[in-house]
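User: I have a chain open here and would like to talk through its helices, its internal space and its charged pairs. Could you take me through what stands out?

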Amino acid sequence: MRGLYLVIAAACILIIGYRLYGTFLASKVLAINPAIPTPAHQHEDGHDFVPTNRWVTFGHHFAAIAAAGPLVGPVLAAQFGYLPGALWILIGGVLGGAVHDLVVLFASVRHDGESLAQIAKKEIGPVTGVAASIAVLFVLLITMAGLSIVIVNALKHNPWGTFTVSMTIPIAIFIGIYMRFLRPGKLAEASVIGVGLILLAVALGPVIKSSGLAPFFDYSDKVIELALPIYAFFAAALPVWFLLAPRDYLSSYLKIGTIGALALGIIFVNPILQMPAVTQFVNGGGPVIAGKVWPFVFITIACGAISGFHSTIAAGTTPKMLDSEKDIQIVGFGGMLIESFVAMMALIAATVLPVGDYFAINSAPAVFATLGMHVDKLPMLSQLIGEDVAGRPGGAVSLAVGMSYVFSSVPGLKGLLAYWYQFAIMFEAVFILTAVDAGTRASRYVVQDMIGVVIPKFKQITWTPGAIISAGLVSVTWGYMLYGGDISTVWPLFGVSNQLLASLAMVVGTTLILKNTGRISYALTTFIPFVFLFITTLDASYFNVTKVYIPKAMWTNVFISVLLAVLCLLIVFDAARKWAKIIQDKKGMAAKRIEHEKIVSDLAAK
């Protein structure tokens, strides 16, 4: 099969999904109303609540949600063949992930920009609120540590990547000051300057690598593990306009631009997908993922299809920046669908590699030797890249090799294979770092809410001491997990905990839609994805605990997995009681239905 077919199919399905299903949800189910002031206007403080241009908000949101998931997940899931991953990305993205992000963002906007846990408390009850707070915080900390491990592996002893990624920080600060004080409202002007500076940093990367400045950007893994939480602390504590928003916005150009270039490269080269539609590993026993295609393809591909981490952004930083409710669809639903397109490009980049080469990269040499496969172009690619890429599991390296393979297949660019490989590695690090800083800020909000129960002053997220203390606690905690852990202890928890959080968000969304519309049919838009994802994730968690964690004596993983499962079961039970009570109130349901239909009709008339 040709990669071009998947590009065209993905683009058509995602565009149609946005135009039809996204519009239906926004106008009919949620009744988005631009006349209602957003929290950014109601609580504007110049620090956390800042009305922001819709494209800057979109850039921040997309950059924050699009972390390792849409890049690494599809690459790892390619073990099962290209078909399972492609179907889950498209179906899950439109019917699951985009719905999840849209509904959570809407809910937070209508609840003064509050976190998912606070929304759960108000919509379902105090028991769910407490359980959700604990679950969200655990998931966030695991996510920050897990994502950071990928950055560490990409940047250690890599002066090119480290220089380019580091330069995005002062560039973002300059653009933040430029847009707020020097040239307010001049978004296009600031964008041209900011993107130009970032492209300059990218172009200077190989120069720095081969110059006398290289040692200043050549760091060990331990140094990077210390630097990441320090950076995240400042990004979480400083005003959102100063560093976080402009950096994410400018990074989105690099992200979307690179993926767009990859799509054009695939269209131009039209490579053949070497990986079969379905492999023998769908029944389990694979060298990359031990489990079967169900449930593990749905756990491995998280951010590209549906991800609970998105709810921490959609109910964290984004609603505090949203200028108008009319922006909810493009930011929430649209941002997720673009991420699904990113995931599809990553899947194609991985599957254009010869099958033996793919497994040689993503398996330990001893394991690959037992598969009975042979490498094809890998020795040549390793020589052109300048380093041995065999036996580099985790997905990041095989994605970089696949991307560089596509780019170098364009006539005249074959000699730049090493450049494209290093560029892809740097691109992945930038992609992930924006999620780390936004996730740390979202964690800060959760911690402030929790401490606020004892010390009410902490609930004021603009209170500087509370912001600094909470940001410090969060950064130190996940920094400790990062410094003391590795990919085998942290990353396995990420997929399951992420999807459990997505299930929790869908529970809250179902409750909100049922209460607001009085229609069971509308509530099914979140309830059906919740049921599928919840059952799938619990099955994967049971497999991990019984087949992986306990045999390897990974007791911390066992504890966290069981705790999250119990918390989510408690939330589901509490929500089910709430749903039953709402549905049994026939008069209340009928009144809500009439009221909602009138709102929808009035908005349509306008």
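User: Where does α5 bend, and by how much?

Analyst: In this predicted model, helix α5 bends by about 60° at G93.

User: How far does α5 reach from end to end?

Analyst: Helix α5 covers residues 82-110, which makes 29 residues, and from its first C-alpha to its last it reaches 40 Å, close to the 42 Å expected at 1.5 Å a residue. Just after α5, D112 takes a positive phi of about 60°.

User: And how many residues of α5 are buried?

Analyst: The count is 24 of the 29, so α5 is largely enclosed by the rest of the structure.

User: Switching to empty space: how many cavities of 30 Å³ or more are there?

Analyst: There are 4 cavities of that volume or more, and the largest cavity holds about 60 Å³ of space. Its lining includes S115, L116, V136 and L140, together with S311, T312, A315 and G316, and also A442, Y445 and V446.

User: Which elements give two or more residues to the lining of the largest cavity?

Analyst: Those elements are α7 (126-155), α13 (309-314) and α19 (417-452), and among the contributors α19 gives the most, with 3 residues. By class, the lining of the largest cavity has 7 nonpolar and 4 polar residues, and no charged ones.

User: What about the second largest pocket, how much space lies in it?

Analyst: About 390 Å³ of space lies in the second largest pocket. It is lined by 17 residues, and the closest of these to its centre are V50, P51, T52, M179 and R180. Two or more lining residues come from each of α8 (159-182) and α11 (244-269), with α8 giving the most, 3 residues. In this pocket the lining has 10 nonpolar, 4 polar and 3 charged residues.

User: On to charges, then. How many salt bridges are counted?

Analyst: The count comes to 13 salt bridges. One of them joins D48 to R444, with the closest N and O atoms 3.3 Å apart. D48 lies in the loop between α2 (39-42) and α3 (54-65), whereas R444 is in helix α19, so the pair ties together parts that are 396 residues apart in sequence.

User: Are D48 and R444 buried or exposed?

Analyst: D48 and R444 are both buried.

User: Which salt bridges link residues about one turn of a helix apart?

Analyst: Two examples can be given. In helix α10 (residues 221-237), E225 and K222 lie 3 residues apart, about one turn of the helix, and their side chains meet in a salt bridge at 3.4 Å, N to O. In helix α24 (residues 586-605), E595 and K592 are likewise 3 residues apart and separated by about one helical turn, and the closest N and O atoms of their salt bridge are 3.9 Å apart.

User: Why would that spacing suit a pair?

Analyst: An α-helix has 3.6 residues a turn, so residues three or four places apart point the same way.

User: How accessible are the partners in α10 and α24?

Analyst: In the first pair, E225 is buried, with a relative accessible area of 7%, while K222 is partly exposed at 34%. In the second pair, E595 counts as partly exposed at 44% relative accessibility, and K592 also counts as partly exposed, at 32%. As for salt bridges that share partners, D48, R441 and R444 are joined by them into one network.

User: Back to the backbone. Which peptide bond is cis?

Analyst: The bond from W294 to P295 is cis, with omega near 15°, and P295 is found in helix α12 (residues 293-300).

User: Where do A31 and A553 sit, and what are their phi values?

Analyst: A31 is placed in the loop between α1 (3-29) and α2, and its phi is near 55°, a positive value in a residue other than glycine. A553, found in the loop between α22 (520-549) and α23 (555-584), has a positive phi of about 60° although it is not a glycine.

User: Buried or exposed, for each of those two?

Analyst: A31 is buried, with a relative accessible area of 5%, whereas A553 is partly exposed, with a relative accessible area of 43%.

Technical notes
Residues are numbered from 1 along each chain as its sequence is written. This is a predicted model: local features need pLDDT of at least 70, side-chain atom pairs count only at pLDDT 80 or more; totals for chains, interfaces and linings use all residues. Side-chain values use heavy atoms; hydrogens and water are left out. Helices (H or I, at least four residues) and strands (E, at least two) are DSSP runs, numbered from the N terminus. The expected span of a helix is 1.5 Å times one less than its number of residues. The bend at a residue is the angle between axes fitted to the seven residues ending there and the seven starting there. Buried means under 20% relative accessible area, exposed over 50%, partly exposed in between (1.4 Å probe, protein chains only). On a 1 Å grid over the protein atoms alone, a cavity is a set of points where a 1.4 Å probe fits but cannot get out, and a pocket is an open set with protein on both sides within 12 Å along at least five of seven lines; lining residues have an atom within 4 Å of a point. Grid points are joined across faces, edges and corners, and a volume is the space filled by probe spheres set on the points. Ala, Val, Leu, Ile, Met, Phe, Trp, Tyr, Cys and Pro count as nonpolar, Asp, Glu, Lys and Arg as charged, and the others, Gly among them, as polar. A salt bridge is a side-chain nitrogen of Lys or Arg within 4 Å of a carboxyl oxygen of Asp or Glu.
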